[in-house]
Amino acid sequence: MRKHNLLKKLTASLFAAVIIAVTFEQTVQAEEQPYDTYNYDYRKNIVMTPAAYVPNGSVTGLSVGTTDFKEPQDLCVAPDGLVYVADTQNNRIVVLNETMTDVVRTIEGFEREGNSDTFNQPYGVCVSESGYLYVADSMNKRIVVLTPEGEFVNIIDNPQSEILEEGFDFIPIKVTVDYADRVYVISRNAFEGILVFESDGSFTGYFGTIDVKITLWEKFWRKLATKEERSKQQLYIPTEFTGMDVDSDGFIYATNIDSDGVQAVRRLNPQGKDVIQKGENENVGGDLRVYTYGDYSGPSEITDVVYRGKGIYSLLDRKRGRIFTYDKEGNLLYIFGGLGSQEGTFTTPVAIEAIDDQLIVLDSYYGAILKFGETEYGSLINEAVGLRYDGDETQAINIWQKVLKLDENNELANSGIGKAYLTAGDNEKAMKYLKLGMNRKYYSVAWKRYRNEILTKNMNVIMTVIVILIALSIIYKKFFKQQIKAKLAEKKGGLS
């Protein structure tokens, strides 16, 4: 008996030790994160979540065998996996290998028509699907097109068109190229939109202009104001774009600074029309509130975007150092990152890219590329969203269930399971999970389908009840009504 009690005590002690160790490890891991990880619920309140991505090291010029990067402004992952860095103040393009451990080559200039040419503060860099390197050579006011090895191909500069303002100053700061080798350029102070060039360098026009809406009240006061007063009022001009990326279908994802904090990214189709979806909260602008954790400095300032495939894209916020990731439907998947001096935080984040399951961010102040690896939580969400994108809804259910084990209040997971059941035709279960996910749109669809399903299943009973009611009505009219009339007639005869 004593041995049995002793064994029970030892087992209990061992179990308690394991629980304490696991709890301690989880606490340490949580404390190791240099930033908060959170999302927003249906009511737009902040809810804490597990980390989707964690810091995974950094890359500097010295760490890869060259001199320090000096105020770099852009980076690009080429189709072959090489990483190109626009090392702006060093007037060079640094090409890194796939693992970002060594320099493949450094491009500081090129031969053009027998003469040597150099860059002057290159702000943007891009590699097309066909392998050509495009450099936004900002202070030289041109786009330089080179082979991957740095041999000269073409120059795009000095666009000419009647739609350009007189004296237009072409200062390209970002460049991207679609599958047809059309070149899209963000030029400083070009508020009319993104400039588009054909592969031969000819300018074709503006693309994706952001319309600025003026309220009726503002229009009214502008009519009453004097000329001097109007000159002091805010100019109602379109917003300037800040970053771009292109997906495999040729749609351009373009970011801008949105003062309302509602829409800081657009998905532009080949006609330049915005076709982005905004999700349940009708917001793709970063933080849903103008403050976060006591920060009252206004909405997010989105400076760059990376399209990651399967409809997933991530936005980089330079104001708070956050990375916001959305799916094709505009659902906010997860948030991580922050400003600071700790490893894994930023000072001046300027560009974001993706390499396999990693996200990399270029910090201009540090002159470094910061790497972030996905956790189990982030991997599960990415996988589930990818399955829905591919139409494999039923397979996504098990993945979302695993997400709920890590984050039991995750509305996105409940909503994902509900959508999967809805696609599978199980409307009753779909309603249950869509309600937990606070998804009004799809819950309404599930409820209507479930109602029709109940009506269809019970149609025989309903029709039988209707026939019986009709028959009773006929019997009442033919027999009971006549009997009542006869009794009334008898009463009247007796009274007379």
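**Exercise 1. How many bridges join strand E14 to E15, and in which sense, parallel or antiparallel, do the two strands run?**

Solution. In this predicted model, strand E14, which spans residues 172-177, runs antiparallel to E15 and is joined to that strand by five bridges. One pair can be located precisely, since the partner of Lys174 across the bridge is Ile186 of E15. The two strands form a hairpin with five residues between them, and within this turn Asp181 has a positive phi of about 65°.

**Exercise 2. Describe the pairing of E15 with strand E16.**

Solution. Begin with the bridges: E15 pairs with E16 (residues 194-197) over three of them, in the antiparallel sense. Next, find a pair of facing residues, for which Tyr184 serves, as it stands opposite Val196 in E16. Finally, consider the connection, where six residues lie between the strands of the hairpin and Asn189 in the turn has a positive phi of about 65°.

**Exercise 3. Decide whether the faces of E15 are covered or open.**

Solution. Take the strand as a whole before dividing it: E15 covers residues 183-187, and five of its five residues are buried. Then separate the two sides, which places Val183, Val185 and Ser187 on one face and Tyr184 and Ile186 on the other, with both faces covered.

**Exercise 4. Compare the settings of Lys44 and Asp356, each a residue other than glycine with a positive phi.**

Solution. The background is that most residues other than glycine have a negative phi. Lys44 has a phi near 70° and sits in the loop that lies between strands E1 (38-40) and E2 (46-48). Asp356 has a phi near 55° and belongs to the loop between strand E25 (349-355) and strand E26 (358-363). For the exposure step, Lys44 counts as partly exposed because its relative accessibility is 39%, whereas Asp356 counts as exposed because its relative accessible area is 81%.

**Exercise 5. Identify the residues of the nonpolar surface patch and examine Val465 among them.**

Solution. The patch, of about 660 Å², is made by Val461, Val465, Ile468, Leu469, Leu472, Ile475 and Phe479. Val465 lies in helix H9, which covers residues 459-495, and this valine counts as partly exposed because its relative accessibility is 43%.

**Exercise 6. Assess the confidence of the model and locate stretches with pLDDT below 50.**

Solution. The protein has a mean pLDDT of 86, with 82% of its residues at 70 or more. Residues 6-31, however, have pLDDT below 50, and this stretch makes zero contacts in the model beyond near neighbours in sequence. Over residues 230-237 the pLDDT also stays under 50, but here the model has eleven contacts beyond four places in sequence.

Notes
Residues numbered from 1 in each chain as written. Predicted model: local features only at pLDDT ≥ 70, side-chain atom pairs only at ≥ 80, totals over all residues. Heavy atoms only, no water. pLDDT = per-residue confidence, 0-100. Contact = heavy atoms within 4.5 Å. Patch = residues over 30% accessible without salt bridge, like charges linked within 9 Å, V, L, I, M, F, W, Y side chains within 5 Å. Areas by Shrake-Rupley, 256 points an atom, 1.4 Å probe, with all protein chains shown as cover. Salt bridge = Lys/Arg side-chain N within 4 Å of Asp/Glu carboxyl O. Helix = DSSP H or I, 4+ residues; strand = E, 2+ residues; numbered from the N terminus. Buried < 20%, exposed > 50% of the residue type's maximum accessible area, 1.4 Å probe, protein only. Pairing = 2+ DSSP bridges.
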